[in-house]
Amino acid sequence: MADRRHLLGILVYNGRSVVRRCLDSAAALVSDRVDVMVFDDCSPIGSPIGCHSRDQDRSWSDEVAAMCADRALGYYRSPRNLGIPRNMSLVMLTALAGGYDCVGLINSDVVLPANLVDVVGRVLDADPSIASVTPWSNNVSLFSMSLGCSHTTMAAQPFVSALSAALWSTNGAAAIDLPTGVGFCMMIPTNAIREIGVMDPIFGRGYCEEVDWCQRARLGGRRNVLATGAFVYHEGAVTTTEAGLIQPGDTTIREHEMIITDRYPDYRQAVDMFFASGDFATMEQRSRAAASSAGVPVGLGAQA
Amino acid sequence: MPTSSMPTVEMIHRCSLVAALHDTDVAVARSHELAMQVVILRIELADHRAERVALRAELDASRQLHAEIRASRAYRLASKVWSLRRAVGG
């Protein structure tokens, strides 16, 4: 496998209920080839939503900085709130400036598996034209793996790493072409950033920016793929809900969808064709069965 | 502690500044593009308004001509002939 340097950038905005476990899982990946850095998008000073009384006088950002120091992770707090797309761009530009070969744009409401960097590396080795690698997840937009277990079960580190290992055993570096990568955990070789650029700030505080980026990559002849040999737990919509970007129950921002449709009229059709091919459903069924055979309690129905 | 290869705060500040300047450039370019579109659309609107005025004048002239024809002796005579013809079943 190529000897790449990775920067995993974790995007934080509040998220008290999820950040600690995310940092724990990320800290386990730190090595001489992997740096992890939190990009705190100027979380409000003082008591964030849902905090407990004993913490109310303490700055959440200070707490995150302390958690990072404890885990040998980098920490950066933007002096003002950038919004998700520009915070992602900052991670990408930092990776370029730091001479990294691959950068991960990672939401704070995820739990990363032990094999994430290895699997992504193998996938990238297979094809230098890949622009983005999205690992599989219980909550990865339309491309989710349907699991019949609770979020409490799925968010446990042993479950995430065991399922990911089982998927690696079955699927190896197999990658499915996706109509778009998904920004909850998107791994990008930095040479693609040099070619394609960063996120478009037109998407304001977020939603659809990664779809736009991936379509630019596709039009430039690059691929966006799903790494079927890695699994990342994703709670979903924590950052965007915390930021007041979407209301509970909503899943997107209509105006941003309209920009995508206007810029890439064939995108919706590409999504329809992706599912019509049946390849994804076959891979999902096979992977779930393999994980179950390996003793990972994935269940067989929809998520509880 | 973070590894020595980890990006420093100063480095990220610089990246952030570069990104902010780039965003500003993009915003200015888009504002300029939108302003140009507004100018072009205003010119088109003025053309359409002028065309509307010309068409209205043409319509008024046509109506005037129509009224003059209906008021003419020849038209009135023709109308009477036509009425008689219908009356006799021709």
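In this predicted model, helix H8 of chain A, residues 209–219, is largely enclosed by the rest of the structure, because nine of its eleven residues are buried. The buried set takes in some charged-looking names as well as greasy ones: Glu209(A), Glu210(A), Val211(A), Asp212(A), Trp213(A), Cys214(A), Gln215(A), Ala217(A) and Arg218(A). After H8(A) comes Gly221(A), and its phi is positive, near 90°.

Strand S4 of chain A, residues 102–107, is also mostly covered, with six of its six residues buried. Cys102(A), Gly104(A) and Ile106(A) point one way from S4(A), while Val103(A), Leu105(A) and Asn107(A) point the other way, and all of them are buried. S4(A) has pairing partners to match. It runs parallel to strand S1 of chain A, residues 6–12, and six bridges join the two; in this pairing, His6(A) stands opposite Cys102(A). With strand S8 of chain A, residues 185–189, the arrangement is antiparallel and there are five bridges. There, Val103(A) of S4(A) sits opposite Ile188(A).

Next, the nonpolar core. The largest one holds 97 residues, and the members that touch the most other members are Ile10(A), Val38(A), Val120(A), Val123(A), Leu163(A), Ala227(A) and Ala230(A). Helix H6 of chain A, residues 157–171, gives the most to this core, supplying eight residues. Ile10(A) makes a handy example of the packing: leaving aside residues up to four places away in sequence, it touches Cys22(A), Ala26(A), Val36(A), Val38(A), Phe39(A), Ile106(A) and Ser108(A). One of these contacts, Ile106(A), leads straight back to S4(A), where Ile106(A) is among the buried residues. Another, Val38(A), is itself on the list of core members with the most contacts to other members.

Two loop residues of chain A have backbone angles worth a look. Cys42(A), in the loop between S2 and helix H2 (60–70) of chain A, has a phi near 60°, a positive value in a residue other than glycine. Cys42(A) counts as partly exposed because it has 15 C-beta neighbours inside 10 Å. Ala72(A) is found further along, in the loop between H2 and S3 of chain A, and it too is a non-glycine residue with a positive phi, about 60°. With 14 other C-beta atoms within 10 Å, Ala72(A) is likewise partly exposed.

Chain B is another story. Its secondary structure comes to two helices and zero strands, and buried residues make up just 6% of its 90 residues. The C-alpha trace of chain B spans about 115 × 25 × 10 Å along its principal axes. Its radius of gyration is 37 Å, whereas a compact globule of 90 residues would come out near 12 Å.

The two chains do meet: 16 residues of chain A are in contact with 15 residues of chain B. On the chain A side, strand S2 (34–40), strand S3 (74–77) and helix H3 (84–97) each supply at least two residues. H3(A) gives the largest share of that side, six residues. Sorted by class, the side of chain A that touches chain B has nine nonpolar, five polar and two charged residues.

Methods: Residues numbered from 1 in each chain as written. Chains lettered and ligands numbered in written order. Predicted model: local features only at pLDDT ≥ 70, side-chain atom pairs only at ≥ 80, totals over all residues. Core = buried A, V, L, I, M, F, W, Y, C linked by C-beta atoms within 7 Å. Buried ≥ 20, exposed ≤ 12 C-beta atoms within 10 Å, placed from the backbone. Helix = DSSP H or I, 4+ residues; strand = E, 2+ residues; numbered from the N terminus. Contact = placed C-beta atoms within 7 Å. Rg over C-alpha atoms; globule rule 2.2 N^0.38 Å. Nonpolar A, V, L, I, M, F, W, Y, C, P; charged D, E, K, R; others polar. Pairing = 2+ DSSP bridges.
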